[in-house]
Amino acid sequence: MATNNQGFQPGVSLAGAVDLEALKHQAKAQPGEAGGAPAAGGYVIDTTSSGFQAVMQTSATFPILLLLWVPSDKRLFPLAKALADAVNVQKGKVQLARIDIAAEPEIAQAFRVQGAPALFALIGGRPMPVLQGMPSDEELKQLTDELIPQVISLAQQSGVTGTAPYQETADSASDEQTEAAEDAPALPAAHQRAHHLAEEGDYSGAAEAYAAVLEDDPSDTLAARERAKALLLARSAALDVRVVRQEAAEHPDDAEAQLSVADVDMIGGQIGDAFDRLLEYLGSHRDQMEPVRQRLLEYFLIPEASDPRLKTARQRLATLMY
């Protein structure tokens, strides 16, 4: 992915010094008002540190562009608008999440950035740096025309193929947002409660709600897939990746350790690695067939049915079972 490594242009600094240049460009209007920053809406959301974990987990369902910015700095408005327009055109294949790092400096510290803007792609909970500093016109065009489709393609290759929810805006007159709303896939009425719980970060509750949908309609493949994702996210919420991988390495015969590290692989989009790990484990641990088989069957619901890794993994599982 293309990154701007030329350093930060004058902007909002987190180093403690007063940036007089930034003060000259400070907007007085609120986002969405005349003279203010572009408002969230469509497939653009604003989040905070309290909602950030949910954003990271949701990136296992659909890819997310994370913009670290300051919504009072007028110089960042063209970038924010260009990204929003390019994301909205994709009609939910990708979401833009924005965080005000002046209000949430701990997020900037976590990503080790010194100022705004900075842009990351989130796929399966893994952040990938895209941009640091103010892009040139050429770089901005590359971001909107090439980078965003690349992020979507990379996510699809990792099995992250869900659709972001559409958010209504106070100003829905934008042609692109209106078109996106009309073309967005309709959410089945029976899924609304489960979908809402997942959006709120209550993945355990979402899994239970999707299970209820499946009780009424066992043939609902979308509910089955979303339930599998919710179960994965619920299990993984408190996992420390380093600890999980260390436990799996130190205890190769422990089924729970191997299941946990396979969850980490799935969250990170390493679907083939997750399949291979559990299938290889079964090769020498047939006594653990049932819990591992059930986890694999759950995993098999997550990628697209045409994913070639599915056919291979199913064949290997069948061979091990019989």
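User: Is Arg293 buried or exposed in this structure, and what is its relative accessible area?
Analyst: The model is a predicted one. Arg293 sits in helix α13, which covers residues 289-300. Buried means under 20% relative accessible area. Arg293 is therefore buried, with a relative accessible area of 19%.

User: Which side chain does the side chain of Arg293 join in a polar contact of 2.9 Å?
Analyst: Leaving out residues up to four places away in sequence, Arg293 touches Leu317 and Met321. The polar contact of 2.9 Å joins the side chain of Arg293 to that of Glu290.

User: In what order do the five strands of the open sheet stand?
Analyst: The pairing in this sheet is mixed. β1 and β5 (126-132) each have a single partner strand, so these two stand at the edges. Neighbouring strands are turned by 25° against each other on average, direction ignored. The order is β1-β3-β2-β4-β5.

User: Which residue of β4 is the bridge partner of Leu67?
Analyst: Strand β2 covers residues 64-69 and strand β4 covers residues 118-123. The two strands run antiparallel and are joined by five bridges. In β4, the partner of Leu67 is Leu119.

User: Which residue of β3 is the bridge partner of Leu67?
Analyst: β2 and β3 run parallel, with six bridges between them. In β3, Leu67 has as its bridge partner Arg98.

User: How many bridges pair β1 with β3, and which residue of β3 is the partner of Val44?
Analyst: β1 and β3 pair in the parallel sense, over four bridges. The bridge partner of Val44 in β3 is Leu96.

User: How many of the six residues of β3 are buried?
Analyst: β3 is largely enclosed by the rest of the structure. This follows because the number of its six residues that are buried is five.

User: What angle does the direction of helix α2 make with that of β1?
Analyst: Helix α2 (residues 49-58) packs on the sheet. The helix touches β1, β2, β3 (95-100), β4 and β5. Its direction and that of β1 make an angle of about 140°.

User: At what angle to β3 does helix α3 run?
Analyst: Helix α3 covers residues 77-89. It lies across β1, β2, β3, β4 and β5. Its angle to β3 is about 155°.

User: Which residues have the most contacts inside the largest nonpolar core?
Analyst: In soluble globular proteins, nonpolar side chains tend to be buried together. Here the largest nonpolar core has 53 residues. The element that gives the most to this core is α3, with eight residues. Those with the most contacts inside the core are Leu65, Leu66 and Leu68.

User: How many residues does the other core have, the one that lies apart?
Analyst: Among the residues of this other core are Ala274, Leu278, Leu296 and Tyr299. It lies apart from the largest core, and its number of residues is 27.

User: What kind of aromatic pair do Tyr43 and Tyr166 form?
Analyst: Tyr43 lies in the loop between α1 (20-24) and β1 (44-47), and Tyr166 in the loop between α5 (137-157) and α6 (175-183), so the pair ties together parts that are 123 residues apart in sequence. Both Tyr43 and Tyr166 are buried. The ring centres are 5.3 Å apart, with 75° between the planes. Planes over 60 degrees apart count as edge-to-face, and the pair is edge-to-face.

User: Which residues do ring pairs link into a cluster?
Analyst: The rings of Phe111 and Phe120 have centres 4.6 Å apart and planes at 50°, so this pair is tilted. Phe111 counts as buried at 12% relative accessibility, and Phe120 at 6%. The cluster linked by ring pairs is Phe52, Phe111 and Phe120.

User: How far apart are the C-alpha atoms of Gly42 and Ala164?
Analyst: Gly42 lies in the loop between α1 and β1 and is buried, with a relative accessible area of 0%. Along the chain, Gly42 and Ala164 are 122 residues apart. Their C-alpha atoms are separated by 9.6 Å.

User: Is Arg112 buried or exposed?
Analyst: Arg112 is found in the loop between α4 and β4. It has a positive phi of about 60° although it is not a glycine. Its relative accessible area is 74%, so Arg112 is exposed.

Terms used:
Residues numbered from 1 in each chain as written. Predicted model: local features only at pLDDT ≥ 70, side-chain atom pairs only at ≥ 80, totals over all residues. Heavy atoms only, no water. Buried < 20%, exposed > 50% of the residue type's maximum accessible area, 1.4 Å probe, protein only. Polar contact = N/O pair within 3.5 Å; in protein donor to acceptor, adjacent residues only side chain to side chain. Contact = heavy atoms within 4.5 Å. Phe/Tyr/Trp six-rings, centres within 6.5 Å; stacked < 30°, edge-to-face > 60°. Pairing = 2+ DSSP bridges. Axes fitted to C-alpha atoms, helices over the stretch in contact; angles between N-to-C directions. Core = buried A, V, L, I, M, F, W, Y, C linked by side-chain atoms within 4.5 Å.
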